[in-house]
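The following exercises ask the reader to work from the overall fold to one helix. Each task is followed by a solution in steps.

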Amino acid sequence: MEDTLKLFTSVGLSEQKAKETLRNDALSSSFKEAITQIMSAPRSFHPQDPINQKEFDEACGVGVVITPEQIEDAVEAVMKKHKEQLLKERYHFNMGLLMAEARSALKWADGKVIKNEVDLQVLHLLGPKTEADLEKKAKVSQRDVNSVEGKSLMEQLKGEALKFHKPGENFTSEGYVVTQNTMKLLAKHLEITGGQIRTRFPPEPNGILHIGHAKAINFNFGYAKANNGICFLRYDDTNPEKEEEKYFTAIKDMVEWLGYKPYAITHASDNFQQLYDLAVELIRRGHAYICHQKGEELKGHNAPPSPWRDRATEESLVLFERMKKGLFAEGEATLRMKMVMEDGKMDPVAYRIKYTPHHRTGDEWCIYPTYDFTHCLCDSIENITHSLCTKEFQARRSSYYWLCNAVDVYCPVQWEYGRLNLTYTVVSKRKIIKLVETGVVRDWDDPRLFTLTALRRRGFPPEAINNFCARVGVTVSQTTTEPHLLESCVRDVLNDTAPRAMAVLEPLKVTITNLPDNFKSDIRVPNFPASESKGSHTVQLTRSIFIEQSDFREVMEKGYKRLTAEQPVGLRHAGYVISVQKVIKDSQGKVVELEVTCTTSDTAERPKAFIHWVSEPLVCEVRLYERLFLHKNPEDPSEVPKGFLSDINPNSLQVISSALVDTSVRGAKVFDKFQFERVGYFSLDPDSTADKLVFNRTVTLKEDPGKI
């Protein structure tokens, strides 16, 4: 980080500006890359190189004259465009937008003159400001806007923003293969869909969805939603060995938790008979054959050619029927397609034998189609318009088109987008299972993981995850980002939605000696101090309270503003200032209690700080989470030579069994969220019981500078 700071200051940024830039991962990464490229580029410019003066002058605006009439016309056009919204929002409308669009139309115009014209035309349209216009506009949270760099997810996905083809115009897409039947099949497709956009989210039901899937869900469901289309949730259930009911249920739950409702829930297994019939047709057309090479021989990209590639069509048909009837052992025969994939792999497998009962079809089938055979044909059967896949499936695009055309069915268009990856975590099913089996984490929903069930349990709101996907953006390139960007989105949402409570994690008893023994006072605490109209709750103040141990120091230190023997402190919301009279210690010299006196805030000198406190609290368990791994890339052998299991952070979980929380949380339900004032955001864990509530720390109140 220090090196990057020096790099930024070396090109003219002030140290403060360089530090601000470093806080934005995406910006600093792009800026650093640009500087590096410029520094490493060959110096091709020489002073004697000729300059086209005319082009240079035009590029600089030399001699350009902008008339008042041009400015008036440009502003008028912008005003007309936004007139409806201006009349609706009046002076709460973002006038900067009018300025920006007018300046964009008149590149060389004087900004002050444009502003004057905007002010004049706005006044003419709306008239003078009323009292309502002068009221402050309620702050719009990121949760409401769901935006990134000024563009919401829906804006990123709407209309022509992605340059995708229009339904029925598949042939305009790069690489799309047109056959003599293509136009007829597209016409039939349009009859069925009515030109409506159709997408699908096709997970394998053999594991729990993770943060990377959140981008896929937002992209597939979001693209359909933004364009008045429909999206299917289709389970790619073609591997009966790994599928379990809990995965089917959890996937549906997570899709709905993120706020999306599938148009229909389908399964690849719904189409087993139709897929089998298409496989028979593929053999009949001479595009597939039965092969007896073993699985080990077929691995990798340099597998030896099959000696059965030229087998007679009739023979392959008979053998495929025998495969279906269970007359071969597992691995003894496969159906292979006669084609070369983009990555050079020859003749991918279309069907293999598995004597495992299927979750839905039982023992009806003993041969199952592969992803390469199933995926595009199920897309075709469901009349998908846009088959959205992550970038690694680009190598399968030509095989996708080849297979649809080989059996003469409607061919959708495959579009690829970049995967979303996070540092300091692993998301592969195999590795998460290893973490569970070795006892590093409790299960798939352990809050230190980045599965969606784990994030929900930790208290991440679904809106924050969607906002994060929007902020990362719909990119073609693979995105790797650090968790603090996601955590920032979480804070933005919880700041507006999590009611405040007071909690003390490391209690220190305080006795207010100048209050009567039976003193009780109801203290009103706003749920959202910045917006008191959102309600409040009541806590009791008694003679005995508890504060955080860290909010008291026996010895005064420079810059310390909280409670000391010489320095009073205010109690948040209570209207009292307390001053230390006596420090009580145990036999080991540890401070165990303070005796203080209190004065009302309106008579006492204003203290330097106000601290939170609890009185007659609930005893709760609090779980504090840190990163599970010590290194940014735990799967990278160059960073972690001994493997990801050797990189576990021993301090990733701290359990505080006797935290004290005010009684306002008593009726909380699982996953209810709170801001514990001055401590962090917390969510109620499913382990909670009627006798003891358990809270997970979702995120701290502020980003840890050490994590930037």
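**Exercise 1.** How many helices and how many strands does the protein have?

*Solution.* The model is a predicted one. Counting its secondary-structure elements gives 23 helices and 30 strands. Turning to dimensions, the C-alpha atoms fill a box of roughly 100 × 75 × 55 Å along the principal axes.

**Exercise 2.** Determine what share of the residues is buried, and what share of the contacts links residues far along the chain.

*Solution.* Step one: a residue counts as buried under 20% relative accessible area, and 47% of the 708 residues meet this criterion. Step two: among contacts with a separation of 6 or more, 69% join residues 24 or more positions apart. Step three: the accessible surface comes to about 35,900 Å², with 50% of it belonging to carbon and sulfur atoms.

**Exercise 3.** Which residues of H8 are buried, and why do they lie on the same side of the helix?

*Solution.* Step one: helix H8 spans residues 111-126 and reaches 22 Å from its first C-alpha to its last, close to the 22 Å expected. Step two: the buried residues of H8 are Gly111, Ile114, Glu117, Val118, Gln121, Val122 and Leu126. Step three: these residues are on the same side of H8 because they cover an arc of only 145° around the axis. Step four: they pack against helix H5 (68-81), helix H6 (83-89) and helix H7 (95-105).

**Exercise 4.** Which exposed residues does the face of H8 turned away from its buried side carry?

*Solution.* That face carries Lys112, Asn116, Leu120 and His124. Just after H8, Gly127 adopts a positive phi of about 80°.

Terms used
Residues are numbered from 1 along each chain as its sequence is written. This is a predicted model: local features need pLDDT of at least 70, side-chain atom pairs count only at pLDDT 80 or more; totals for chains, interfaces and linings use all residues. Side-chain values use heavy atoms; hydrogens and water are left out. Helices (H or I, at least four residues) and strands (E, at least two) are DSSP runs, numbered from the N terminus. Buried means under 20% relative accessible area, exposed over 50%, partly exposed in between (1.4 Å probe, protein chains only). Contact means heavy atoms within 4.5 Å. Accessible areas come from the Shrake-Rupley method with a 1.4 Å probe; for residues, only the protein chains shown count as cover. The expected span of a helix is 1.5 Å times one less than its number of residues. The arc is that of the directions from the helix axis to the C-beta atoms.
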